[in-house]
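Please open the model in your viewer and keep the selection panel at hand. The tour moves from one selection to the next and says what is there at each stop.

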Amino acid sequence: MYVGECQGPGVRTDFEMVHLRKVPNQYTHLSGLLDIFKSKIGCPLTPLPPVSIAIRFTYVLQDWQQYFWPQQPPDIDALVGGEVGGLEFGKLPFGACEDPISELHLATTWPHLTEGIIVDNDVYSDLDPIQAPHWSVRVRKAENPQCLLGDFVTEFFKICRRKESTDEILGRSAFEEEGKETADITHALSKLTEPASVPIHKLSVSNMVHTAKKKIRKHRGVEESPLNNDVLNTILLFLFPDAVSEKPLDVTTSTDNNCPPSESEDYNLYNQFKSAPSDSLTYKLALCLCMINFYHGGLKGVAHLWQEFVLEMRFRWENNFLIPGLASGPPDLRCCLLHQKLQMLNCCIERKKARDEGKKTSASDNVTNIYPGDAGKAGDHLGPDDLKETDKDKGEVGKSWDSWSDSEEEFFECLSDTEELKGNGQESGKKGGPKEMANLRPEGRLYQHGKLTLLHNGEPLYIPVTQEPAPMTEDLLEEQSEVLAKLGTSAEGAHLRARMQSACLLSDMESFKAANPGCSLEDFVRWYSPRDYVEEEVIDEKGNVVLKGELSARMKIPSNMWVEAWETAKPVPARRQRRLFDDTREAEKVLHYLAIQKPADLARHLLPSVIHAAVLKVKEEESLENISSVKKIIKQIISHSSKVLHFPNPEDKKLEEIIHQITNVEALIARARSLKAKFGTEKCEQEEEKEDLERFVSCLLEQPEVLVTGAGRGHAGRIIHKLFVNAQRLTESSDEAAAMTPPEEESKRMGSPEERRQNSVSDFPPPAGREFILRTTVPRPAPYSKALPQRMYSVLTKEDFRLAGAFSSDTSFF
């Protein structure tokens with residue numbers, strides 16, 4: 001409440017207010033308010049100057065019954081039944097569960113009226129909203145409407161805060177039951193041997209075990225058995241389409257077709273978010289876990305699916321089945337760690353597969369490999385060209401050293417020593433020089449190097465089959481760099497560090513020596529690091545210009561790592577060397593890493609993928625609506641997320657912010673849809689009208705209040721009028737009667753102004769708020785005073801009646 005006065009030169013204005021909870025009957029309309037105003041002014045002039053009036057009525061539309069909210073919540077029952085109905089795995093839900101627009105407020109304004117032109121008393125009123133010259137509309141948004149996508153991501157994020165391990169979530173009840181379970185199964189065997197009246201086909205061990213499991217499930221209670229089998233199988237088939245054994249080829253081709261083009265910026269979002277590509281297994285897994293967490297058993301369901309997933313990984317490793325949905329090659333460090341781990345496991349499976357297939361190659365191949373002596377003889381009969389060919393073939397078939405298992409490798413390492421002894425028998429005291437090496441048989445050649453020849457004997461230089469360097473995930477790289485850093489700067493530490501870093505170099509040197517008997521370090525450097533071999537033109541004794549080459553300065557440093565490595569390297573082909581990458585050990589490390597992940601760790605690993613998916617979903621939905629303000633917000637979310645997610649272990653607060661932003665955008669899009677449905681933008685036949693309506697709807701979303709062009713006679717105005725008419729009908733008559741009204745009657749009703757005037761009572765509900773401003777300029781307090789402005793504002797709502805007046809008087813003589 002305000003009260004006070006304003007003193008000016010020769011003028012005083014008094015400000016007064018009245019506030020009542022209940023409106024006195026005689027003041028519920030204009031004529032009553034005019035009486036108050038006039039009596040308050042107390043003007044001494046007899047014909048009072050006319051009072052100018054501005055009126056604004058606000059009508060509230062709350063009942064959208066005739067417009068069912070377009071968003072159907074997903075049909076969860078259809079999902080549980082195993083058929084994927086309302087919601088597919090791998091697709092995120094979207095939209096608000098309730099209408100995000102709760103009310104529409106229509107303000108009808110008469111800005112310039114003079115008393116005497118209109119009548120508004122307790123019996124009759126001229127104020128028909130349809131006739132009002134100005135219409136403006138506000139929409140009231142539902143407070144935090146429940147949005148499916150936002151809920152989905154929020155619920156998934158909550159898992160990050162849980163402390164339990166997978167075993168704790170799934171295991172407790174199973175451990176209690178362990179005794180009973182074994183009893184049941186042993187009982188099953190004894191039952192098989194007992195005479196029984198049950199038909200024999202029902203008695204089998206698997207049946208008994210099955211019933212035992214059923215009992216456990218019963219004991220756990222229905223709510224505790226995490227995932228039902230249908231759902232689990234549907235998900236596993238979605239994650240591993242190659243598991244359908246009938247047509248494995250078709251599956252791979254079909255998944256390729258669904259891939260988004262890898263150049264598109266949406267596809268490459270995973271680089272910014274450090275998540276995983278949107279066609280990868282990791283990404284799909286994130287979406288499935290999200291869905292299970294929301295619909296199928298929450299945290300327990302997540303733990304159950306993860307357990308199944310880890311078992312599937314172990315099965316694939318043991319049976320040499322590659323994991324689908326992962327790009328081949330070493331782990332992609334731009335993706336999340338979990339994705340890198342799965343890629344690492346795939347690398348291990350590939351190597352193991354190649355090795356196992358190598359074992360199966362024809363026995364004759366193995367024979368030539370096992371007896372070096374005979375192989376040498378065979379080599380003698382062949383010309384050098386034939387030899388090259390045979391090596392080429394060998395490179396094609398078991399191109400890599402992988403085709404040997406551990407035990408065979410050890411066996412060959414011994415052999416290579418004896419071989420060397422054989423070669424260097426006479427001069428075993430000396431270091432094997434190039435001459436002795438030249439007596440060895442070349443092994444492990446890939447193909448001939450362009451025009452290069454060996455410096456000492458002019459033989460063509462062959463590129464050897466080498467071991468591929470070991471793939472690394474980011475945590476292994478960090479570990480390695482920590483170890484190297486801890487070695488310190490002492491001479492011994494530096495030496496150790498050099499040894500660790502040069503494992504790959506040494507392996508390549510050994511392969512090179514085996515492929516090029518009689519070679520020197522210079523030959524190796526020319527192939528491996530051409531910049532370190534400096535060639536210059538020199539004039540020899542005869543005056544001819546010849547190329548003379550030598551090692552670069554860094555290669556000539558005494559006790560250089562390369563020279564040391566070269567001296568220790570023996571001529572051993574790649575397939576007989578000790579493996580640089582122990583796939584068995586690495587795979588077991590990955591499987592162990594996966595098995596010990598708690599659901600919380602898992603959620604943290606996969607949250608970037610879930611956010612990535614949510615952003616893509618929002619983008620896709622926005623493109624259908626085309627709302628420019630939302631486009632900007634999405635760009636901001638992407639840049640914000642890429643900053644937050646690029647660091648390991650982002651703060652919870654920042655992650656919550658991102659999820660909140662995504663939910664806000666979802667609500668915005670839902671609002672746009674709601675308004676478009678209500679204003680029927682799609683149903684417009686005329687292009688112009690459609691554009692106007694769409695502009696109107698987008699303004700409603702972005703501005704607090706929007707003017708309706710053409711007021712009640714404009715296109716939007718007619719639609720708003722219709723909305724009110726329909727809502728009124730629903731309140732007045734029963735729903736059936738409303739449904740029965742034929743459209744002709746409706747058009748009649750919208751017809752001529754006279755008819756409308758008679759029906760206006762039912763077209764609009766009583767106004768929720770009425771505002772009046774009364775103004776005039778009169779001399780006060782005496783007829784000869786200066787004429788000064790007088791103003792009174794009043795607002796009338798259901799339980800509120802306020803009057804605020806500013807009455808001026810001349811103080812010159814008073």
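Select Asp-582 to begin: this residue is partly exposed, with a relative accessible area of 26%, where partly exposed lies between buried, under 20%, and exposed, over 50% (1.4 Å probe, protein chains only). Asp-582 forms a salt bridge with Arg-579, with 3.8 Å between the closest N and O atoms; the term stands for a side-chain nitrogen of Lys or Arg within 4 Å of a carboxyl oxygen of Asp or Glu. Arg-579 itself counts as buried, at 9% relative accessibility.

The model is predicted, so local features need pLDDT of at least 70 and side-chain atom pairs count only at pLDDT 80 or more, whereas totals for chains, interfaces and linings use all residues. Residues are numbered from 1 along each chain as its sequence is written, and side-chain values use heavy atoms, with hydrogens and water left out.

Of the 39 salt bridges that the structure holds, take next the one between Arg-673 and Glu-625, whose closest N and O atoms are 2.6 Å apart. This pair links distant parts of the chain, 48 residues apart, with Arg-673 in helix α25 and Glu-625 in helix α23 (residues 599–625); helices here are DSSP runs of H or I with at least four residues, strands are runs of E with at least two, and both are numbered from the N terminus. Arg-673 is partly exposed at 23%, while Glu-625 counts as buried at 13%. Extend the selection to Lys-617, Glu-620, Glu-621 and Lys-676, which are linked with these two residues in a network of salt bridges.

Now show helix α10 (residues 298–318), where Arg-316 and Glu-312 are four residues apart and therefore separated by about one helical turn. Their side chains meet in a salt bridge of 2.8 Å, N to O, and Arg-316 counts as buried at 4% relative accessibility.

Turn then to the sheet, which is open and has nine strands in the order β1-β2-β13-β12-β11-β3-β4-β5-β10, with antiparallel pairing (two strands pair if DSSP finds at least two bridges between them). The edge strands, β1 (4–8) and β10 (706–708), each pair on one side only. Within the sheet, select β11 (residues 769–779) and β12 (residues 787–797), which pair in the antiparallel sense over 11 bridges; the bridge partner of Ile-773 in β12 is Tyr-793.

Finish in the loop between β4 and β5, where Val-123 is found. Val-123 counts as exposed, at 76% relative accessibility.
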